[in-house]
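Please describe this structure for a reader who has not met it before, taking the contact between the protein chains and then the DNA strands.

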There are 2 protein chains.
Amino acid sequence: MILSIDFDTQEPIYRQIRSQIVSAVASGELAPGDPLPSVRSLAGDLGVNMHTVNKAYAMLRDEGYVTMRGRSGAYVADVKRSASTARAQEHREQIATELARLATELKARGGTREEFLAIATAQADHVFSQNKEGE
Amino acid sequence: MILSIDFDTQEPIYRQIRSQIVSAVASGELAPGDPLPSVRSLAGDLGVNMHTVNKAYAMLRDEGYVTMRGRSGAYVADVKRSASTARAQEHREQIATELARLATELKARGGTREEFLAIATAQADHVFSQNKEGE
DNA sequence: CTATCTGTTATAGTACACATATAACAGTTA
DNA sequence: TAACTGTTATATGTGTACTATAACAGATAG
């Protein structure tokens, strides 16, 4: 998988790395057991510092997306098998909170319930139709 | 309307002020023409600096939520009447982008399209059912 | 007209997050 | 055993958030 960093945006680099890896997990481009590049090599490829990549990896580890195996490095975990975890429940509650926030923003500008759900459905159709297996 | 600031969260104070005023506009608690407290009095009530409130007001002004009238102060604007503005279009695109982001996050953890739409519908029902007129 | 209050801008200081740089460490493995 | 992994420690520079003090132009109540 290829990561691309935008240095001109407000989103921190380590979050960009984290988001793109999560996206790859979502699309199936990264499957459980797949190895991730080492923090040093990825940092070199992206032109960023080692600690920036390490911060992204540590976050992915804390979120359950990857596991570390000593020298072997970082591997994609089977996060989908922990759907009933307390962590997974918190994750869904956080998504619900953010959805409510977006709905409120739209409503403040005159948007309707149907318009919000239309946008949500369109985006869901787009996201959940993507199912890549190999690269 | 009463604002409450959480000093222990990561969300900046000026964003908390801005969000709560937008929420009040969405619920109808604040209607077009309603006056907002002055930056100095609100800062005093909340126990924050004047510039922090001013930063929130400036953002609300740039977003079209409020208008300024010299000494009279800040008033709630009729932002719902500018639904076909370029700014309104950007706002909807930004919401769509964030919805896609949330859908991707849920999918990465094994969530389905139906589960995402179920959460979105539940939140939409909750948000769009709130319609306060007076305070 | 004039004093007052409004948002706004300028300057300065503190605190924290982000990113960098260099260095060293424990654990795993070829 | 040597090499590579993630991890941690320390230090530096930059940008944002918040505070503090001060002054300004514009609108308005008296």
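## How the two chains meet

In this predicted model, about 4400 Å² is buried between chain B and chain A, and carbon and sulfur atoms give 64% of that area; buried area here is the accessible area, found with a 1.4 Å probe, that two parts lose on being put together, summed over both. Of the area that chain B buries against chain A, 21% is supplied by B:Lys107, B:Arg109 and B:Phe128, more than by any other three residues. Chain B brings 45 residues to the contact and chain A brings 45 residues, where contact means heavy atoms within 4.5 Å.

The model is read under a few conventions: residues are numbered from 1 along each chain as its sequence is written, while chains are lettered from A and ligands numbered from 1 in the order in which they are written. Because this is a predicted model, local features need pLDDT of at least 70 and side-chain atom pairs count only at pLDDT 80 or more, whereas totals for chains, interfaces and linings use all residues, and side-chain values use heavy atoms, with hydrogens and water left out.

Between chain B and chain A there are 8 salt bridges, a salt bridge being a side-chain nitrogen of Lys or Arg within 4 Å of a carboxyl oxygen of Asp or Glu. One of them joins the side chains of A:Arg92 and B:Glu115, at 2.7 Å from N to O. The two chains also share 16 residue pairs in polar contact, with both residues at pLDDT 80 or more; a polar contact is a pair of N or O atoms within 3.5 Å, and within protein one must be able to donate a hydrogen and the other to accept it, while residues adjacent in sequence count only if both atoms are side-chain atoms.

On the side of chain B that touches chain A, the elements giving two or more residues are helix H1 (13-27), helix H4 (86-108) and helix H5 (113-129) of chain B, and H4(B) gives the most, with 16 residues. Helices (H or I, at least four residues) and strands (E, at least two) are DSSP runs numbered from the N terminus. By class, this side of chain B has 20 nonpolar, 12 polar and 13 charged residues, with Ala, Val, Leu, Ile, Met, Phe, Trp, Tyr, Cys and Pro counted as nonpolar, Asp, Glu, Lys and Arg as charged, and the others, Gly among them, as polar.

## Symmetry and fold

Chain B is superposed on chain A by a rotation of 180° with 0.0 Å of shift along its axis, at an RMSD of 0.1 Å, the superposition being made by least squares on the C-alpha atoms of residues with pLDDT of at least 70 in both copies. That is the relation of a two-fold axis. The same surface serves both copies, since 100% of the contact residues of chain B recur in chain A.

Chain A has 5 helices and 2 strands, and from the N terminus on its elements run α-α-α-β-β-α-α.

## The DNA strands

DNA strand C is surrounded by 26 residues, the closest being A:Ile13, A:His51, A:Thr52, B:His51 and B:Arg71; a residue is near a strand if one of its heavy atoms lies within 4 Å of it. Of the atoms of DNA strand C within 4 Å of the protein, 64% belong to sugar or phosphate and the rest to bases. H3(B) provides the largest share of the surface near DNA strand C, 5 residues.

DNA strand D is likewise surrounded by 26 residues, and A:His51, A:Arg71, B:Ile13, B:His51 and B:Thr52 are the closest. Of its atoms within 4 Å of the protein, 61% belong to sugar or phosphate and the rest to bases. H3(A) gives the most to the surface near DNA strand D, with 5 residues, and the residues of that surface divide into 10 nonpolar, 10 polar and 6 charged.

Some polar side-chain atoms and their partners on the DNA are listed below.

| Residue | Partner atom | Distance |
|---|---|---|
| A:Tyr14 | phosphate oxygen of DNA strand C | 2.8 Å |
| B:Asn54 | phosphate oxygen of DNA strand C | 3.3 Å |
| B:Arg61 | phosphate oxygen of DNA strand C | 2.7 Å |
| A:Arg40 | base nitrogen of DNA strand D | 3.0 Å |
| A:Asn54 | phosphate oxygen of DNA strand D | 3.3 Å |

In addition, a polar backbone atom of B:Asn49 lies 2.9 Å from a phosphate oxygen of DNA strand D.
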